[in-house]
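User: I have a new model to look at. Can you walk me through the main points?

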Amino acid sequence: MSYVSPGSGWPGDPASPDTPVAHDAAQVAELAGGSRTLAELTARQSVCRACPRLVEWREQVADVKRRAFADEEYWGRPVPGWGAEKPRILLMGLAPAAHGGNRTGRIFTGDRSGDWLFASLHRVGLAAQETSVRADDGQRLIGARVAAAVRCAPPGNKPLPQERAACAPWLVREVSLVVPDLRVVVALGSFAWQSAWTTLREVGVRLPPRRVPFGHGVEVAADGLTLIGCYHPSQQNTFTGRVTAPMLDVVFSRAAELAESAV
Ligand code: SF4
């Protein structure tokens, strides 16, 4: 089993050897709730070991690797939220990819979904570069932040209900720290949509009492914030044409427009 030791020099590693580690769901809630800044929260997220199945999987993947990346060191830890400290736009995904974020240590970085996502974000002015391949590649989000509902790569891209529940406090605290600046939340896929509703309600955003069904381009406005649904740029969705580059551009242009108009 292998993973990057906290504070050992990985580009952008938010943690140090002294960062407290959550070993169960109760400790996640305690450490997330007690994080006073994004930096503190991000560090704590990045060393969490609360879900035994996911810890074993992420470290096993980091150990065995994919042949194409056999010479690379894998991150092998939870992948924390990343981007602007005071974002006007928050993108929410499901979980890091085993050979993407779990390899590079940065969400949507080094995988096909990220290729589609960052190319679109760049076209609409929300990312500095059109690709996101490594933690030290100079990529930067502009007025935006990206976070996953579950921070560890799950087997088959399917976290268990108890793993989703255990991880939720990290996202809730992250959103509570950025919500004063937030104008738009883009949920990538139906699971992120569900998670966005739960999370936004938990931080006090007064969404409609009945959850609106997920759909691409669906918008829900509440408390000066707009939630937008977007098909996930997964390999399956992009390969089958369920989501295309112009479809992504429409959603992210709309997000940028709403964020701008709310200034
Ligand atoms: S999924 Fe979330 S709660 Fe579970 S180990 Fe990873 S970071 Fe911790």
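Analyst: Start with a definition: helices (H or I, at least four residues) and strands (E, at least two) are DSSP runs, numbered from the N terminus. This is a predicted model, where local features need pLDDT of at least 70, side-chain atom pairs count only at pLDDT 80 or more, and totals for chains, interfaces and linings use all residues. Residues are numbered from 1 along each chain as its sequence is written.

User: Which helices each supply at least two residues of the shell around the ligand?

Analyst: Helix 3 (52–64) and helix 6 (161–178) do. Helix 6 gives the most, with 3 residues.

User: How many residues surround the ligand, and which are the closest?

Analyst: There are 15 around the ligand, and the closest are Cys48, Cys51, Arg151, Cys152 and Cys167. A residue counts as near if its C-beta atom, placed from the backbone, lies within 6 Å of the molecule.

User: How does the shell divide into nonpolar, polar and charged?

Analyst: The shell has 11 nonpolar, 1 polar and 3 charged residues. Ala, Val, Leu, Ile, Met, Phe, Trp, Tyr, Cys and Pro count as nonpolar, Asp, Glu, Lys and Arg as charged, and the others, Gly among them, as polar.

User: New topic. Which residues touch the most other members of the largest nonpolar core?

Analyst: Met92, Ala149, Val185, Val186 and Ala187 do, in a core of 75 residues. Helix 6 brings the largest share of this core, 8 residues. Such a core is a set of buried Ala, Val, Leu, Ile, Met, Phe, Trp, Tyr and Cys residues joined through C-beta atoms within 7 Å. Buried means 20 or more other C-beta atoms within 10 Å of a residue's own, exposed means 12 or fewer, and partly exposed is in between, with C-beta atoms placed from the backbone.

User: Where does Leu141 lie?

Analyst: Leu141 sits in the loop between helix 5 (112–123) and strand 3 (144–148). Leu141 has 19 other C-beta atoms within 10 Å, so it is partly exposed.

User: How far apart are Leu141 and Ala127?

Analyst: In sequence, Leu141 and Ala127 are 14 residues apart; in space, they are 4.4 Å apart, C-alpha to C-alpha.

User: Last one. How do strand 5 and strand 6 run?

Analyst: Strand 5 (residues 219–222) and strand 6 (residues 225–230) run antiparallel, joined by 4 bridges. Two strands pair if DSSP finds at least two bridges between them. One bridge partner of Glu219 in strand 5 is named: Ile228, in strand 6. The two strands form a hairpin with 2 residues between them, and Asp223 in the turn has a positive phi of about 55°.
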